[in-house]
Amino acid sequence: GSLRVRPPSLLPSPRMTRRTVALLVLSLAAAAVCVRLGVWQLSRLAERRARNAAVAARFDAPPVALDALPADTAARHYRRVRVAGRADYAREFVLANRSRDGSPGVHVVTPVRVTGRDTAVLVNRGWIYAPDGATVDLARWREGDSLLVDGYVELPSRRPGAAALEGARAVPAYRWLDPAAVARAVGYPVSSFYVVARPGPGEGAPPGDRPVRVEPPALDEGSHQSYAVQWFSFAAVAVVGGLAFARAQRRR
């Protein structure tokens, strides 16, 4: 008759000890968990790519007037908008500890009074150098009584603790933007969002009489793909290691 060669079985043989079986089961369970975490990272990557595509579409869209912004907070985030009004330089403030190319500095935020609106719009006009990341003289950085800004909508981040830096300062400084605290300080209502002024098209080195405009956030994919590869590698190591140990025990 013909000689048939049976492939080695991956199932535990009667000669396997309970310890070997337990280790093999544990290895397969660990591999299953690692695969699940790898799939989860891939789903996070897909979500991030979809979000990046939506944000990029908002950045590429033409700017709209303030009244044309969506009422929903999430829907207006990163929307391009054009703000025109009177700058209230007497009540502007800075966001402290904002670095640029490794240099310490601040972001200058100016309330802009728009005709026909009781609520002032907060405009982040850009970055200027500050050795301690908080103290600046804003008198030389004014851009004229009337401002026309093309920017995008940014939402304040909610953080624990007080937003304002402690101590008396000629220019108020905040760790993060808190619209309620700003409204109390300036004495009139301000928008719940703020507008970040964008660099002009083809803009090279910024002029020395105004802050450096803040670039839009980078739309990278993060580390989800590399994390997924790591989890799948751990799963492979667990399976191969468990089977190798079981095979060694059978040979004994």
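This is a short talk about how the parts of one predicted protein model pack and pair up.

Okay, hi everyone. Keep in mind as we go that this is a predicted model. Let's begin on the inside.

In soluble globular proteins, nonpolar side chains tend to be buried together. So what does that look like here? The largest nonpolar core has 21 residues, and the ones touching the most other members are Phe93, Leu122, Tyr174, Leu177 and Val182. Several elements give two or more residues each to this core: H1, strand S3 (93–95), strand S5 (120–129), helix H3 (179–186) and strand S8 (190–197). There's also a second, separate core of 16 residues, and among its members are Tyr89, Val121, Leu147 and Phe193.

Let's zoom in on one of those well-connected residues, Val182. Which residues is Val182 in contact with, once we leave aside neighbours within four places in sequence? They're Phe93, Leu122, Tyr174 and Val190.

Now the helix around Val182, which is H3. The buried residues in H3 are Pro179, Ala181, Val182 and Val186. If you look down the axis of H3, those buried residues fall within an arc of 160°, so they line one face of the helix. If you're new to helices, here's the background: an α-helix has 3.6 residues a turn, so residues three or four places apart point the same way. And what do the buried residues of H3 pack against? The answer is S3, S5, strand S7 (173–174) and S8. Right after H3 comes Gly187, and its phi is positive, near 90°.

On to charges. How many salt bridges are there in the model? The count comes to eight. I'll walk you through three of them.

My favourite is Arg49 with Glu221, where the closest N and O atoms are 3.0 Å apart. This pair links distant parts of the chain: Arg49 is in helix H1, Glu221 is in the loop between S8 and helix H4 (224–251), and 172 residues separate them. Are these two buried or exposed, or something in between? Arg49 has a relative accessible area of 40%, so it counts as partly exposed. Glu221, at 32%, is partly exposed as well.

Stay in that area for a second and find Asn52, also in helix H1. Asn52 is buried, because its relative accessibility is 9% and the cut-off for buried is under 20%. Not counting residues up to four places away in sequence, Asn52 touches Leu219, Asp220 and Glu221. So Glu221 turns up twice: it's a contact of Asn52, and it's the salt-bridge partner of Arg49.

Next pair: the side chains of Asp88 and Arg91 meet at 3.2 Å, N to O. Here the two ends differ in cover, because Asp88 is buried at 7% relative accessibility, whereas Arg91 is partly exposed at 40%.

The third pair is Glu143 and Arg125, with 2.7 Å from N to O. Glu143 sits in the loop between S5 and strand S6 (146–154) and Arg125 sits in strand S5, so the pair ties together parts that are 18 residues apart in sequence. Glu143 is partly exposed, with a relative accessible area of 26%, but Arg125 is buried, at 1%. And this pair isn't on its own: Glu92, Arg125, Glu143 and Arg213 are linked in a network of salt bridges.

Let's finish back at H1, and on the outside this time. Val35, Val39, Leu42 and Phe232 form a nonpolar patch on the surface, and together they have about 290 Å² of accessible area. Which element gives the largest share of that patch? It's helix H1 (residues 18–60), with three residues. Val35 is one of the patch residues, it's placed in H1, and with a relative accessible area of 37% it counts as partly exposed.

One last spot, in helix H4: Val239. Val239 is partly exposed, at 28% relative accessibility. Not counting residues up to four places away in sequence, Val239 touches Leu28 and Ala31. Take Leu28: in sequence, Val239 and Leu28 are 211 residues apart, but from C-alpha to C-alpha they're 5.9 Å apart in space.

That's my tour, thanks for listening!

Note on methods
Residues are numbered from 1 along each chain as its sequence is written. This is a predicted model: local features need pLDDT of at least 70, side-chain atom pairs count only at pLDDT 80 or more; totals for chains, interfaces and linings use all residues. Side-chain values use heavy atoms; hydrogens and water are left out. Patches are made of residues with over 30% relative accessible area and no salt bridge: like charges are joined within 9 Å, nonpolar side chains (Val, Leu, Ile, Met, Phe, Trp, Tyr) within 5 Å. Accessible areas come from the Shrake-Rupley method with a 1.4 Å probe; for residues, only the protein chains shown count as cover. A salt bridge is a side-chain nitrogen of Lys or Arg within 4 Å of a carboxyl oxygen of Asp or Glu. Helices (H or I, at least four residues) and strands (E, at least two) are DSSP runs, numbered from the N terminus. Buried means under 20% relative accessible area, exposed over 50%, partly exposed in between (1.4 Å probe, protein chains only). A nonpolar core is a set of buried Ala, Val, Leu, Ile, Met, Phe, Trp, Tyr and Cys residues joined through side-chain atoms within 4.5 Å. Contact means heavy atoms within 4.5 Å. The arc is that of the directions from the helix axis to the C-beta atoms.
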